[in-house]
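Q: Please give me a close look at one part of this model, its salt bridges, and then carry the same care over to some further sites. I work at the bench, so I would like every cut-off spelled out where a term is used.

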Amino acid sequence: LAVLVLVALPLAAQARDSVVPDLRALVARPRSELAPVLERWSVDRAALGRRYAVEYSPERRDRFRSFHRGWQGELQRLPFESLTRPAQVDYLLLDNKLRYELSLLDRDEQLAAEMAPLLPFAPALFALVEERRRLVRPAPAEVAKRISAMTATIEGARAAMATPANRPSKIVALRAAEAAADLRGQFQGWLRFYQGYDAEMTWWVGEPAKRFDAALESWRRYLREQLVGVREGQDEPIVGDPIGAEGLAADLRAEMIAYTPAELIAIAEKEYAYLLGEAKATARTMGFGDDWKKAAEKTKDDFAPVGMQTIAVRDMALEAIRYVEQHDLVTVPPLAKEVWRMEMMSAAQQKVSPFFLGGEVIQVSSPTDGMTDEEKLMTLRANNLHASRATVQHELIPGHHLQGFAASRNGASRGIFSTPFYSEGWALWWELYLWERKFAVTPENRMGMLFWRMHRAARIIFSLRFHLGEWTPQQCIDFLVDAVGHERASATGEVRRSFNGSYSPLYQAGYLLGGMQLRALHRELVGSKRMTDRQFHDAVLEAGPMPIEMVRAQLMPERPLTRTHTSSWRFGE
């Protein structure tokens, strides 16, 4: 097996020459006038989030609506036209953020209404928790009756489920089960506040509280096991929670993407068709004719020997660093090269994330002794040398690690505008650009890079079709196996990761679409000779996390901006 082996100098020795930055340059760096405004909104919002911590509660929604609308009014009072360009960008970003936060509160209210029949005790529990937050002590005898009444509502809801017409979808049932778990935690927190500290309250509510807590946990299990179909000892079914066309439209406005979901799917399908042609051409050079799947299967068999995956990843990381430095593509601070680290991913993690994850620490997917032989082989093949060569630089340098390193040193005020179109788009852009620069040396290297390019295009298609309600999770899995050539276990893990609630609905689309936005911007600025590669990449990193349209606005100050700016950039054309 062909293992990439480079001369691996000790990492610390490569990076210690100059880790102290130019302090005069730091002092002289201009700062947006609105940076203190962003910082204040962020800390105030976080403080309110800690105070109004009960998800789906009307009190939380009402307070945050008031908060965001108040900020909207004050923001409008600022003199937009006299602000510097970075401050104008911050103004538009915050205005966009406030509008989106208000739309999310409306979505939250709709979700709560769908779950109401499954959480009939919630209004009473919200009231209990809110009274405690306001430091209002209820009458012990009266509150015991309220708790008993909450238990009765659960019994009534369970009885209602005997009628098939009353049963919710698996989507609503799973969401309600998760909400019930959170509400149980809120109730236990309420109880701890009094139990053992207030003798009268302890005497009155002790038994009713035990009955309600047991009933609530039993109800949560009923929702998961009987309505969703979760089975003890088995992988949880992939359910997800599609947000629909209206939700996608709101999320796209927040990302400043001037396309409809259907248009984005068409862009992805066009990109996939191009990649399919490239895959067939590469397969022909490997002696497989147009059978690109056979060629891809061949590359999957070229994996690092067991126990050597970490060495292969190390060498790939050093190769990528060496490449971007030799070609003067981006500034790589010595400290960034010194501090990145590597850890192994557990077997449980690999069921959700079957491939590498990265940042300052790259998490390596590799067989473990707890896997079956079949699972071990799938892991080796899914993370073969050629596919890995296209992901190590995505995760480390010049990808996520360099991006995170820069973001933490360029000021944290824009962290509130974090978006996958910037974070994942940056790392994906490097895959696009390194492909253009012939970073893939051999046909097998090209097939490895094409696998990931096809995967990113497929992500747009399956994630948007799922959220539009057009595809089921199983159809998404089948699509990844058929269109990209995934191992079925890897495809299942990918779809589970996409829809298990850890990622926003547009997250998977953000990879390739963000990369395409940066590609279009690179052509505008570097293709026109206005910037060098290094200047462009350094400027994108310095801008910080935000929708790419606002990166474009900051890097092209000659383009007019108004306080009523709306997205119109057609980067995919």
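What follows begins with the paired charges and then turns to single residues, loops and strands.

A: This is a predicted model, in which local features need pLDDT of at least 70 and side-chain atom pairs count only at pLDDT 80 or more, whereas totals for chains, interfaces and linings use all residues. Residues are numbered from 1 along each chain as its sequence is written, and side-chain values use heavy atoms, with hydrogens and water left out.

A salt bridge here is a side-chain nitrogen of Lys or Arg within 4 Å of a carboxyl oxygen of Asp or Glu, and a search of the whole structure turns up 51 of them. One of these joins the side chains of Asp106 and Arg65, at 3.0 Å from N to O. This pair links distant parts of the chain, since Asp106 belongs to helix α5 (residues 85–115) and Arg65 to helix α4 (residues 58–76), 41 residues apart. Helices are DSSP runs of H or I with at least four residues, strands are runs of E with at least two, and both are numbered from the N terminus. The two partners differ in their cover: Asp106 is partly exposed, at 46% relative accessible area, while Arg65 is buried, at 11%. Buried means under 20% relative accessible area, exposed means over 50%, and partly exposed lies in between, with a 1.4 Å probe and protein chains only.

Arg314 and Asp315 also meet through their side chains in a salt bridge, with 2.9 Å from N to O. Arg314 counts as partly exposed because its relative accessibility is 28%, whereas Asp315 is buried, with a relative accessible area of 0%.

In the salt bridge between Arg497 and Glu494, the closest N and O atoms are 3.7 Å apart. These residues stand three places apart in helix α23 (residues 488–499), so about one helical turn separates Arg497 from Glu494, and both of them are buried.

Elsewhere, Arg184, Asp213, Glu217, Arg220 and Arg221 are linked in a network of salt bridges. Asp213 can also serve as a marker for distance: Gly527 is 314 residues away from Asp213 in sequence and 64 Å away in space, C-alpha to C-alpha. Gly527 itself sits in the loop between α24 (507–525) and α25 (533–543) and counts as exposed, at 55% relative accessibility.

Another arginine to examine is Arg453, which lies in helix α21 (residues 443–467) and counts as buried because its relative accessibility is 4%. If neighbours within four places in sequence are set aside, Arg453 is in contact (heavy atoms within 4.5 Å) with Glu271, Tyr274, Leu275, Leu432, Trp435 and Arg519.

His400, in helix α19 (residues 400–407), is likewise buried, with a relative accessible area of 13%. Its side chain makes a polar contact of 3.3 Å with the side chain of Gln403. A polar contact is a pair of N or O atoms within 3.5 Å; within protein, one atom must be able to donate a hydrogen and the other to accept it, and residues adjacent in sequence count only if both atoms are side-chain atoms. Beyond neighbours within four places, the contacts of His400 include Gly358, Gly359, His394 and Glu395.

The loop between α18 (392–395) and α19 holds Pro398, and the peptide bond leading from Ile397 to Pro398 is cis, with omega near 15°.

Two loop residues have unusual backbone entries to look at. Tyr56, in the loop between α3 (35–51) and α4, has a positive phi of about 75° although it is not a glycine, and Tyr56 is buried, at 13% relative accessible area. Lys438, in the loop between α20 (420–436) and α21, has a positive phi near 65° but counts as exposed, at 67% relative accessibility.

Finally, strands β1 (residues 341–344) and β2 run parallel and are joined by four bridges, where two strands pair if DSSP finds at least two bridges between them. Glu343 has Gln363 of β2 as its bridge partner. Along β2 (residues 361–364) Ile362 and Val364 point to one face and are buried, while Val361 and Gln363 point to the other and are not.
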